[in-house]
There are 2 protein chains.
Amino acid sequence: MTDQRQTALDYAHQHKTDFLQTLQELVALPSVSTDEQHNLDMQRTAEWVATHLKQLGIVNVRIMPTEGHPVVYGEWSELPDKPVVLIYGHYDVQPVDPIELWRTGPFTPTIVGENLYGRGVSDMKGQVMATLNALEAIAHAGTFPVNLKFLIEGEEEIGSPSLGKFIEENKDLLKSDMCLNTDAGLIGKDFPTITFGLRGLAYFELRVYGPDHDLHSGLAGGVVHNPAQALAELIAAMHDQNGRIMLPDFYDSVRVLTKEERDDFARLPTTDDDYLDQMGVKELWGESEYSASERIGARPTLEINGMNSGFTGKGQKTVLPAWAMAKISCRLVPDQDPKVVFEQLQRFLTEKAPKTIRWELEKLSGAPASITDLDQPGVKAIAAALYSVWGVRPFYRREGGSIPVVSQMQTILKIESVLTGFGLPDDNLHAPNEKLHLPTWYRGIDTLIHFFLNI
Amino acid sequence: MTDQRQTALDYAHQHKTDFLQTLQELVALPSVSTDEQHNLDMQRTAEWVATHLKQLGIVNVRIMPTEGHPVVYGEWSELPDKPVVLIYGHYDVQPVDPIELWRTGPFTPTIVGENLYGRGVSDMKGQVMATLNALEAIAHAGTFPVNLKFLIEGEEEIGSPSLGKFIEENKDLLKSDMCLNTDAGLIGKDFPTITFGLRGLAYFELRVYGPDHDLHSGLAGGVVHNPAQALAELIAAMHDQNGRIMLPDFYDSVRVLTKEERDDFARLPTTDDDYLDQMGVKELWGESEYSASERIGARPTLEINGMNSGFTGKGQKTVLPAWAMAKISCRLVPDQDPKVVFEQLQRFLTEKAPKTIRWELEKLSGAPASITDLDQPGVKAIAAALYSVWGVRPFYRREGGSIPVVSQMQTILKIESVLTGFGLPDDNLHAPNEKLHLPTWYRGIDTLIHFFLNI
């Protein structure tokens, strides 16, 4: 082990208390991005992060405006022959409702046993600080081994509405060789995890129109096709009985899992029973020829996110609704194209919708799935780092969700993301009593020290 | 023609202007039953009606409290050997929204051409006044030929929530031989109409439960049965492709239409094309072996009155909803029993619902269909009256809607209702610019003079 590495690790181990106190300081700032009342807190938090970056020796630190909350930028680029690592993070947090379910103040970070409780401790102020702590330890033991850029945004928890434009407009400034994104967690505390696949997303709104205004169900029932019923009939036809999606040619571009990939899925510690517990249902559903992990990680879905029609209040109203609406989204896998999926849904509707109703399909968003090349230097560096700290080969996970910034990095900056993180599945993300498991967090700091020095 | 009849008709013809002015006075009272702000107007309107009854020579006139708006009661019973006619009506009106679409003030009754415009002119202040005008004309020409009771309620437009209890508690007071209900309209101005059949109603709320809270559609999509989808699948299975309802044994108790009944339906002037226009759709739907009139009048339905699940706001939210809900109602025909239909829907769900979800079915209300015996004296009296005025044999209609008071009269007071009225299909009931066709209204007054003298 190099001197710098050991010195940095020693420094990190000696400064655990300092690191924890600094994290508590950051978590105490109520940076709730969705609530305008916290706009000043957002500004203060951005300034806190900027100050901290400067203290690390990062230069050109700036709080850059966007159409929404600002981005904290910074860089260090004294090694022209070395790669540039873009460190992505977000300083905003989820709202705290329902506040009455919190056992400690969400912005009064509190240690209970091995955990630190507070809003954003795991998602992702703790992850941001793990990276900065690792860099502090490395800086103490020498110079940074790679060039660094920072993009710490303030709108992740509201869907990063300004980020795409910001990256586009600052393409040159952000030019890098890879992105480190610690916003993906671990499968479990004993399972070091690299997330290498994310599903894409295509989101639609389908509206079915019948009569031009609500009719009296007694006077029209039996002669007018009820739009709510027509919508239900269309939705029901979107899957077969085995959970297969019935849009025309939908599976044509779905990449088939290799034997090797299926072996990797089988190696994941999460069983179908674990999913039953996690989801709070009695029975799983979906394509039975795939395991639950495969279905979530590597198979496309079509979900009804919402549905609305007619009278939905208390009691009864005998209305035959004029229209019905569904929010429908598809999780996409390689090599599906969101535009093509939109066309497939349009074709499905053209073929299946009866003449008794009129329909409109609107595309609300679309992003393809992403798969990171496991042979790229960043992934190799984090894999070795995780092995050094945990002593086991990391688990490679394909996650069901979508992280738009990962596709933005790919499409705009043409760089891959190294997706890891040190949050745990039971950290209560987006829920009351969010926590961070401190022993895992300290391991995370060690891992990141190794990561930067491995590149 | 008897002297009294001709004298009464002459009186009615001479007092057209007075009748119209009195109606305008009543329509100017904004008796909107659904809006608490109009509670004082409701009281004033009840008093107006009571005063008018007293002026006609009706005795024991009382404004009787209910749990909601009061009922105006009155009676005249000086002919112990003659039948008692219970005159049903309502003095409340629908709300006026959307107010901006009215061309004249809803409570500023305005004559334009042959029509009087204003909220409640047709539904049903005009009908109530037609009856009172006829009785005024008869009284001028002699004494009333039958005994009279009045039940003029103030909650019809909010579903008559207090009426059942009121009738039950005043069974003796309301004891009568028949009910005259002029709340059913004409098929068209040249088509005198007797409504002899009304469909019943069974109203349900179905809730489908999946996970115990909303899940992230990326992390759960593909392994959890989406409750919105499951609900859609159940709803879709409730009809076959020909519009037939698939609840088990649903049609077992549906009375088969006789050749004679189908001939009567075929004689109705309303064609399937008329329904296309009325409903504002391009194509009709439903059981093709029955005409639209038959489907509305004599066939049961299952309608989705409302549907709700997950995220229904603007934009997108990637949620897998925890539950989904539908309001479902069946229009019933003889001899269907609402309790049995509830059991049939329960059996359908027990058989069809997958184990991946949990469901709950709640019964919100139930009333059987009603068919009036065409041979009863009241129907014969109104049929002859309509023939005298229009010169054509009246049309016998079975209507798709349900009038709960008709079943209440049958089940509690054991009397049949004579269902007629002088509103037209284009009167904009429950909509802006409600109107009353005055020439038809005057014919209605003549008809009711004949009716009372025919009994």
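Reader: What makes β11(A) and β13(A) paired strands?

Author: Two strands pair if DSSP finds at least two bridges between them. Here 8 bridges join β11(A) to β13(A), so the pair qualifies. The two strands run antiparallel, and A:Met307 has A:Ala326 as its bridge partner in β13(A). The strands themselves are DSSP runs (E, at least two residues; helices are H or I, at least four), numbered from the N terminus.

Keep in mind that this is a predicted model, where local features need pLDDT of at least 70, side-chain atom pairs count only at pLDDT 80 or more, and totals for chains, interfaces and linings use all residues. Residues are numbered from 1 along each chain as its sequence is written, while chains are lettered from A and ligands numbered from 1 in the order in which they are written.

Reader: What does β13(A) pair with over 10 bridges?

Author: That's β9(A), again in the antiparallel sense. One of the matches puts A:Glu205 opposite A:Lys327 as bridge partners.

Reader: Why is β13(A) called largely enclosed?

Author: A residue is buried if 20 or more other C-beta atoms, placed from the backbone, lie within 10 Å of its own (exposed means 12 or fewer, partly exposed is in between). In β13(A), 10 of the 10 residues pass that test, so the rest of the structure largely encloses this strand. Residues pointing one way, including A:Trp323 and A:Lys327, are buried, and so are those pointing the other way, among them A:Ala324 and A:Leu332.

Reader: How do you know which strands stand at the edges of the sheet?

Author: Follow the order of this open sheet of 8 strands: β14(A)-β9(A)-β13(A)-β11(A)-β11(B)-β13(B)-β9(B)-β14(B). β14 (358–367) of chain A and β14 (358–367) of chain B each have a single partner strand, so one side of each lacks a neighbour in the sheet. In the middle of that order, β11(A) is joined to β11(B) by 5 bridges, antiparallel, with A:Gly306 and B:Gly310 as bridge partners.

Reader: What makes the two copies look related by a two-fold rotation axis?

Author: Copies are superposed by least squares on the C-alpha atoms of residues with pLDDT of at least 70 in both. Chain A lands on chain B with an RMSD of 0.2 Å, after a turn of 179° and a shift of 0.2 Å along the axis. The copies are thus related as by a two-fold axis.

Reader: How do you know through which surface the copies meet?

Author: Contact means C-beta atoms, placed from the backbone, within 7 Å. By that rule, 67 residues of chain A touch 68 of chain B. Strand β11 (residues 301–310) of chain A gives the largest share of chain A's side, 9 residues. Since 100% of chain A's interface residues are also interface residues in chain B, the copies meet through the same surface.

Terms used
Contact = placed C-beta atoms within 7 Å.
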